[in-house]
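Colleague: I'm new to reading protein models. Could you walk me through this one?

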Amino acid sequence: MTVELRELRRSFGGTVALDGLSLTIEQGELIAFLGPSGCGKTTALRCVAGFERPDTGAVFIDGADVTRVPANRRDAGMVFQSYSLFPNLNVRDNVAFGLRVRRRPTDERHSRAAELLELVGLGGFGERYPHQLSGGQQQRVALARALALQPKVLLLDEPLSALDAKVRVNLREEIRRLQLELGITTIFVTHDQEEALSVADRVAVLKSGRLEQVAPPAEVYDRPATPFVAEFVGTMNHLPGRVSGETVEVFGQFLPLDGAAPGEEVDVLVRPEAVRVTPAGDGRAFILASSFRGSIARLRIQLDGGGEVLADVPGHEAVRLAPGLKVDVTLVERPVLTAPRTAVAAPVEPVA
Amino acid sequence: MAGVTWRRVTLGVAGVYFLVPLAISVWFTVYNETQGFSLGAYGRIVSAPGFTESLVKSLLLGAAVIVLVLLLALPALLAVRLGAPGLRPVLETITTLPLIVPPITYVVGIANALRGGTDALAATPFWQTLISIQDENFPVVLVLAYVMLALPFAYRSLDTGLRAVDVRTLVEAARNLGASWPYVLFRVILPNLRSAVASASFLSLALVMGEYTIAALMGYRTFPVWIVTISGNDGQLSVALSVLSLGLIWLLLLTLSGAGRKSK
Ligand SMILES: Nc1ncnc2c1ncn2[C@@H]1O[C@H](COP(=O)(O)OP(=O)(O)OP(=O)(O)O)[C@@H](O)[C@H]1O
Ligand SMILES: [Mg+2]
């Protein structure tokens, strides 16, 4: 059961929500649509669900063109961002709603609802009403409801965004477990990069209604296809560099280039974890601030020549690398991405 | 403390204001100086010619108006909400118009429209339709007029009700699970709008049970028209009628609000 989006275009008045989006989602895959607010994630998902019709382009589910099939005859279960349970029905009837629409017998509806509630960890909640459930429980019920009809595709539009941090993490892991167990093709919309990277088989990064990159999480993170992706996924340092041949000079180090450079004077994109920090009495940089995050600590480092750089160091070094300390900064020897030079105050001069 | 006292005083004053005239009315209908205590006035109502007939007629008209006004207002409200939010002010204005136009204007307009056509048209279905909607036993033309009058009230009740639920999400969730549009309307939206529908129905019914001008001028004997005709020369009877219809409306109100509450 693959889903194919082919050249989807959709605009609302003057705003272009989808600008030629093409993407194929493989059988049993969980793909995350990731992108900033307003980039068209929801619109793309609604095109698959049938709530939105693209101006041009087509949606294929399992090879069949469903672009003109009304929402109630598409085989796609959806979980919404806002709480969407029917307030007048109890949990069991909510889950069994789709079966009821299809006029299945009562005992089948009840046993299927019980089975699904068990699956989402809410066995025994069947008689409750939605207003008697927490937000996380409501979304679980919504998930059970969407799965009750064994749809070909599962569509999740930021199902966790209304929940608090802890519940979010638990529930996303549970969604992933269920998805793997059922082997259901799934689109998971989110603007939370951590969420996308942690649950998806592949992440599709969208910008202004276009696909920037679609790749497994590690690849999106390590080898972002465009500066936008590099910027959006994870944190990036922009360091001033000068290209010479196949290498770029940054902080007095010569690092191999990843891809073509946009000019001679460039920004070198470096992840905080690729920045090494060593204490040095005569260092030409010092630690401005440190925020401890458990396994790592993120340091904000002021360079003598002006400019700042973020560095991640192991958590246990946080005590040693305290704010105010003079340090040396070096970069891990790896191919680096470059971007057109933006306004960076620091002159190109070695720090080490 | 002061708040509680004030509440009691206010309630007390309001209670006196409403209940004293009512009590006096009831007293007047059951007591008279020559006969003493008697329920005779109420007996006379029920046995008066045309009571059942006009009451049933008005109730039927009320039922028809409720069904029609709901079928008209609810889909329109939903369509505007889901498909064209920009049209909302337009709908709001249109549904306010019946309040502005005086009923006498309707009568003149409707009467003129119905009088239209000549004998040449007599055999056409159009003419037949005009005749049949003026049937004395069930004047469809009155239903149409009352639907118009009830629209502002029904629209506002339903609009308030819809505001309290996330219509778009509920509709989309139901559509996503395979529900057709009628299913969405009757099994998803209506059950969640029960109290709004109840109040829209009640207001429409109250309107039909109290409307005199249009019915009287067009010559139909609805319940209110019958009340006026029958009570012209019998003071006790006319007050008994008022008490009775008040009681009737109250009963309906309780039933409807009871039905509305059950949904919660
Ligand atoms: N029904 C609509 N009418 C007008 N404009 C719309 C409509 N739906 C979406 N848009 C516009 O289309 C663009 C894409 O919207 P969309 O909801 O797909 O974004 P998104 O990626 O889901 O954003 P978010 O992360 O905030 O949910 C936005 O600029 C939005 O304002
Ligand atoms: Mg969205």
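Colleague: Let's begin with contacts. In chain B, what share of the contacts with a separation of 6 or more comes from residues 24 or more positions apart?

Modeller: Happy to help, and keep in mind that this is a predicted model. Take the contacts in chain B with a separation of 6 or more, then pick out those between residues 24 or more positions apart. Their share is 75%.

Colleague: Which elements make up chain B, and how many helices are there?

Modeller: Chain B contains two strands. Alongside them, the count of helices is 13.

Colleague: Is B:Ser54 buried or exposed?

Modeller: First find B:Ser54 in helix α3, which spans residues 51–83 of chain B. A residue is called buried when its relative accessible area is under 20%. B:Ser54 has a relative accessibility of 2%, so this serine counts as buried.

Colleague: Which residues is B:Ser54 in contact with, leaving aside neighbours within four places in sequence?

Modeller: Contact here means heavy atoms within 4.5 Å. With those sequence neighbours set aside, the partners of B:Ser54 are B:Arg221, B:Thr222, B:Phe223 and B:Trp226.

Colleague: Now to the surface. Which helix gives the largest share of the nonpolar patch?

Modeller: The patch covers about 460 Å² and consists of B:Leu97, B:Leu99, B:Ile100, B:Phe153 and B:Leu203. One of these, B:Leu99, lies in helix α4 of chain B. The largest share, three residues, comes from the helix at residues 88–100, helix α4.

Colleague: And how far apart are the mean positions of the positive and negative charges of chain B?

Modeller: Chain B has 17 positive and 11 negative charges. Comparing the mean position of each group gives a separation of 14 Å.

Definitions and conventions. Residues are numbered from 1 along each chain as its sequence is written. Chains are lettered from A and ligands numbered from 1 in the order in which they are written. This is a predicted model: local features need pLDDT of at least 70, side-chain atom pairs count only at pLDDT 80 or more; totals for chains, interfaces and linings use all residues. Side-chain values use heavy atoms; hydrogens and water are left out. Helices (H or I, at least four residues) and strands (E, at least two) are DSSP runs, numbered from the N terminus. Lys and Arg count as positive and Asp and Glu as negative; His and the chain ends are not counted. The place of a charge is taken as NZ of Lys, CZ of Arg, CG of Asp or CD of Glu. Patches are made of residues with over 30% relative accessible area and no salt bridge: like charges are joined within 9 Å, nonpolar side chains (Val, Leu, Ile, Met, Phe, Trp, Tyr) within 5 Å. Accessible areas come from the Shrake-Rupley method with a 1.4 Å probe; for residues, only the protein chains shown count as cover. A salt bridge is a side-chain nitrogen of Lys or Arg within 4 Å of a carboxyl oxygen of Asp or Glu. Buried means under 20% relative accessible area, exposed over 50%, partly exposed in between (1.4 Å probe, protein chains only).
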